[in-house]
Amino acid sequence: MDKVFPDQPVCLLNADAHGAWLNSKGLEVLGINRETPDPPFGKIIRDENGEPTGVLDETALGLAKKAFEFPFEQRVRVFQSFLKMAAKYGVTSGGDMFPVPGFDMGDLEIYELFEIKRRPFSPNRFFIHFNRRVWLC
């Protein structure tokens with residue numbers, strides 16, 4: 001990624017959202033370096049010299065949370081687009097295993113908006129798992 005985006009921070013989630021890839025600028029902006037400890041239940045993949053490679057596993061993804069902070073209106077547009085695409089492919093339900101220790105990237109405010117306040121307008125249903133309970137919305 002550094003060759004294509006040398007001056008722009010980049011953070012990409014893998015398909016199952018259990019890991020992410022960051023370029024060097026992304027690591028720099030987020031303050032992730034050789035002194036950054038691995039969080040509980042997570043790992044910063046490092047090279048033979050102990051330098052972060054840009055790969056974050058499991059709860060280490062929480063170190064990149066800042067990369068996913070967007071204004072509320074933009075989060076609404078992104079989630080609305082996701083729901084539309086999911087419905088197009090026949091996906092009618094989904095869930096968020098929120099929160100994993102040290103990793104709280106779920107968005108209860110958005111879930112509430114689309115599941116509770118706009119329920120009649122959405123063909124999709126969601127469940128949110130936290131504190132060992134499942135809340136069906």
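The legends below accompany several close-up views of a predicted model.

**View 1. Overall arrangement of the predicted chain, with its three helices and seven strands.** Read along the sequence, these elements follow the pattern β-β-α-β-β-α-β-α-β-β. The protein has 137 residues, of which 29% count as buried, and its accessible surface comes to about 9,300 Å², with 58% of that area belonging to carbon and sulfur atoms. Among the contacts with a separation of 6 or more, 47% are accounted for by residues 24 or more positions apart in the sequence.

**View 2. The largest nonpolar core of the protein, which has eleven residues.** Its members are Cys11, Ala20, Leu22, Leu27, Leu30, Ile32, Ile44, Leu56, Ala60, Leu61 and Ala64. Strand S2 (19–22) and helix H1 (24–30) are the elements that give two or more residues to this core. A second, separate core has seven residues, including Phe79, Leu83, Tyr111 and Leu113. As a general background to such views, nonpolar side chains tend to be buried together in soluble globular proteins.

**View 3. Surroundings of Ala60, one of the residues of the largest nonpolar core.** Leaving aside residues up to four places away in sequence, Ala60 touches Pro39, Gly42, Lys43 and Ile44. Of these neighbours, Ile44 is itself listed in the eleven-residue core.

**View 4. Helix H2 (residues 72–88), with its two sides and the residue that follows.** The 17 residues of H2 should span 24 Å at 1.5 Å a residue, and the end C-alpha atoms are 24 Å apart, so the expected and modelled spans agree. Within H2, Val76, Phe79, Leu83 and Ala86 are buried. Because these residues cover an arc of only 95 degrees around the axis, they are placed on the same side of H2. The other side of the helix carries Glu73, Arg77, Val78, Lys84 and Lys88, which are exposed. Two of the buried residues, Phe79 and Leu83, are also included in the second, separate core. After the helix comes Gly90, whose phi is positive, near 85 degrees.

**View 5. Thr36 in the loop between H1 and S3.** With a relative accessible area of 13%, Thr36 falls under the 20% cut-off and is therefore buried. The side chain of Thr36 reaches the backbone oxygen of Gly31 at 3.4 Å. When residues up to four places away in sequence are not counted, Thr36 touches Gly31, Ile44, Arg46 and Leu63, so that Gly31 appears both as a contact and as the partner of the Thr36 side chain.

**View 6. Phe41 and Glu58, two residues other than glycine with positive phi.** Phe41 is placed in the loop between H1 and strand S3 (42–46), and its phi is near 65 degrees. The relative accessible area of Phe41 is 64%, a value over the 50% cut-off, and Phe41 is therefore exposed. Glu58, by contrast, lies in strand S4 (residues 52–58), and its phi is near 50 degrees. The relative accessible area of Glu58 is 40%, which lies between the 20% and 50% cut-offs and means that Glu58 is partly exposed.

Key
Residues are numbered from 1 along each chain as its sequence is written. This is a predicted model: local features need pLDDT of at least 70, side-chain atom pairs count only at pLDDT 80 or more; totals for chains, interfaces and linings use all residues. Side-chain values use heavy atoms; hydrogens and water are left out. Helices (H or I, at least four residues) and strands (E, at least two) are DSSP runs, numbered from the N terminus. The expected span of a helix is 1.5 Å times one less than its number of residues. Buried means under 20% relative accessible area, exposed over 50%, partly exposed in between (1.4 Å probe, protein chains only). The arc is that of the directions from the helix axis to the C-beta atoms. A nonpolar core is a set of buried Ala, Val, Leu, Ile, Met, Phe, Trp, Tyr and Cys residues joined through side-chain atoms within 4.5 Å. Contact means heavy atoms within 4.5 Å. Accessible areas come from the Shrake-Rupley method with a 1.4 Å probe; for residues, only the protein chains shown count as cover. A polar contact is a pair of N or O atoms within 3.5 Å; within protein, one must be able to donate a hydrogen and the other to accept it, and residues adjacent in sequence count only if both atoms are side-chain atoms.
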